[in-house]
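This report looks at one structure part by part. Keep the sequence and the 3D view at hand while reading.

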Number of protein chains: 2
Amino acid sequence: MPKASAKTSERRAAVIKALGHPSRLLIAETLMKGEMCVCDLKDLVGADMSTVSKHLTLMREAGVLNCEKRGLNIYYSLACDCLGDFLRCVDKLACGGKKTTCC
Amino acid sequence: MPKASAKTSERRAAVIKALGHPSRLLIAETLMKGEMCVCDLKDLVGADMSTVSKHLTLMREAGVLNCEKRGLNIYYSLACDCLGDFLRCVDKLACGGKKTTCC
DNA sequence: CATCTATTTGGCTTTTTAACCAAATAATGG
DNA sequence: CCATTATTTGGTTAAAAAGCCAAATAGATG
């Protein structure tokens, strides 16, 4: 585990932030099953195409997604197969329940 | 892996968002070594105490942190020991490098 | 070449998040 | 009970993120 310099902390936070939005998380979860093109992801998310495109760009720039153009479509896919482990941890935490106060 | 309903997606995203800020991530990384009180975390982060307090509240409400009051201090700790796996995945992605375009 | 389809970009508005300061609360010790 | 220390809350302001629309770009196809 690398030590947390300010720089790596920023970079890590960018990756995490890229997944910390409901639509983007849904996209990532869905891409675990395989690549998809933007228009299919648009249907999945149910937002404006331009909005989805911006989410995808952000995720790609964070290093979370790869993309490849084939014909008219651009296919996005996960850059890493570790997302399962990532989500397992998230789910453990998410189920912990919201504590409104500590004492 | 539970299916991603809108509700669970929201909840998961909240957990992830709680870690997707440089200061909060630094706090979480530091707490892997053990609990700390707010004033120590304030020194670590180097922000106003009230700012740090709000970060901690947000993380606690997301389910990421627990806290316990002892004497005058409140000690925060990680709610789950899975953060290592989480960060391993994040680091893999963070090292992937920023691709500015796909083609 | 003109056109069609898929996607990205730019611009703008609204919402959310972050930060600080000052004031409130809570437990402790004199 | 008063003062002190640790922390949270409320309020305000500034900065960042998200969404939509319209326009631009890039291949594919007739």
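A residue counts as near a strand of DNA if one of its heavy atoms lies within 4 Å of that strand. The model described here is predicted.

## DNA strand C

By that rule, 23 residues surround DNA strand C. The closest of them are S53(A), K54(A) and Y76(A) from one chain and S50(B) and H55(B) from the other. Which part of the strand do the protein's neighbouring atoms belong to, sugar or phosphate on the one hand or bases on the other? Of the atoms of DNA strand C within 4 Å of the protein, 63% belong to sugar or phosphate, and the rest belong to bases.

Individual polar contacts can be picked out. In K54(A), a polar side-chain atom lies 2.7 Å from a base oxygen of DNA strand C. A side-chain N or O atom of S50(B) is 2.7 Å from a base nitrogen of the strand. N73(A) has a polar side-chain atom 3.0 Å from a sugar or linking oxygen of DNA strand C. On chain A, the elements that give two or more residues to this surface are α3 (38-45), α4 and β3 (73-78), and on chain B it is α4. By class, the residues of the surface near DNA strand C divide into nine nonpolar, eight polar and six charged.

## DNA strand D

DNA strand D is surrounded by 22 residues, and the closest are S50(A), H55(A), S53(B), K54(B) and Y76(B). Of its atoms within 4 Å of the protein, 62% belong to sugar or phosphate and the rest to bases. The residues near DNA strand D divide into nine nonpolar, eight polar and five charged.

Three contacts with phosphate oxygens of DNA strand D are listed in the table.

| Residue | Atom of the residue | Distance to a phosphate oxygen of DNA strand D |
|---|---|---|
| S53(B) | polar side-chain atom | 2.7 Å |
| I74(B) | backbone N or O atom | 3.1 Å |
| Y76(B) | polar side-chain atom | 2.7 Å |

Which elements supply the surface near DNA strand D? At least two residues each come from α4 (49-62) of chain A and from α3 (38-45), α4 (49-62) and β3 (73-78) of chain B.

## The sheet of chain B

Chain B has an open sheet of three strands in the order β1-β3-β2, with antiparallel pairing. Its edge strands are β1 (36-37) and β2 (65-70), each of which pairs on one side only.

Two bridges join β1(B) to β3(B) in the antiparallel sense. M36(B) has Y76(B) as its bridge partner in β3(B), and C37(B) has Y75(B). Y76(B) thus appears twice in this report: as a bridge partner of M36(B) and as a residue with a polar side-chain atom 2.7 Å from a phosphate oxygen of DNA strand D.

On the other side, β2(B) and β3(B) run antiparallel and are joined by six bridges. R70(B) has its bridge partner, N73(B), in β3(B). The hairpin of these two strands has two residues between them, and G71(B) takes a positive phi near 65 degrees there.

## The sheet of chain A

Chain A also holds an open sheet of three strands, ordered β1-β3-β2 with antiparallel pairing. Here β1 (36-37) and β2 (65-70) are the edge strands, each pairing on one side only. Six bridges link β2(A) and β3(A) in the antiparallel sense. Within this pair, E68(A) stands opposite Y75(A) of β3(A).

## Between the two chains

How many aromatic pairs does the structure hold over all chains? There is one. The ring centres of F86(A) and F86(B) are 4.3 Å apart and their planes stand at 25 degrees, so the pair is stacked; the limit for stacking is planes under 30 degrees apart. F86(A) lies in helix α5 (residues 83-94) of chain A and F86(B) in helix α5 (residues 83-94) of chain B, so the pair joins two chains.

## A cavity

Rolling a probe the size of a water molecule over the atoms shows where empty space is left. A search of the whole structure finds one cavity of 30 Å³ or more. About 30 Å³ of space lies in the largest cavity.

Which residues line the largest cavity? From chain A they are C89(A) and L93(A), and from chain B they are V64(B), L78(B), A79(B), C80(B), C82(B) and L83(B). By class, this lining has eight nonpolar residues, no polar and no charged ones.

How values were computed
Residues are numbered from 1 along each chain as its sequence is written. Chains are lettered from A and ligands numbered from 1 in the order in which they are written. This is a predicted model: local features need pLDDT of at least 70, side-chain atom pairs count only at pLDDT 80 or more; totals for chains, interfaces and linings use all residues. Side-chain values use heavy atoms; hydrogens and water are left out. On a 1 Å grid over the protein atoms alone, a cavity is a set of points where a 1.4 Å probe fits but cannot get out, and a pocket is an open set with protein on both sides within 12 Å along at least five of seven lines; lining residues have an atom within 4 Å of a point. Grid points are joined across faces, edges and corners, and a volume is the space filled by probe spheres set on the points. Ala, Val, Leu, Ile, Met, Phe, Trp, Tyr, Cys and Pro count as nonpolar, Asp, Glu, Lys and Arg as charged, and the others, Gly among them, as polar. A polar contact is a pair of N or O atoms within 3.5 Å; within protein, one must be able to donate a hydrogen and the other to accept it, and residues adjacent in sequence count only if both atoms are side-chain atoms. Helices (H or I, at least four residues) and strands (E, at least two) are DSSP runs, numbered from the N terminus. Two strands pair if DSSP finds at least two bridges between them. Rings of Phe, Tyr and Trp (its six-membered ring) pair if their centres lie within 6.5 Å; planes under 30 degrees apart count as stacked, over 60 as edge-to-face and the rest as tilted.
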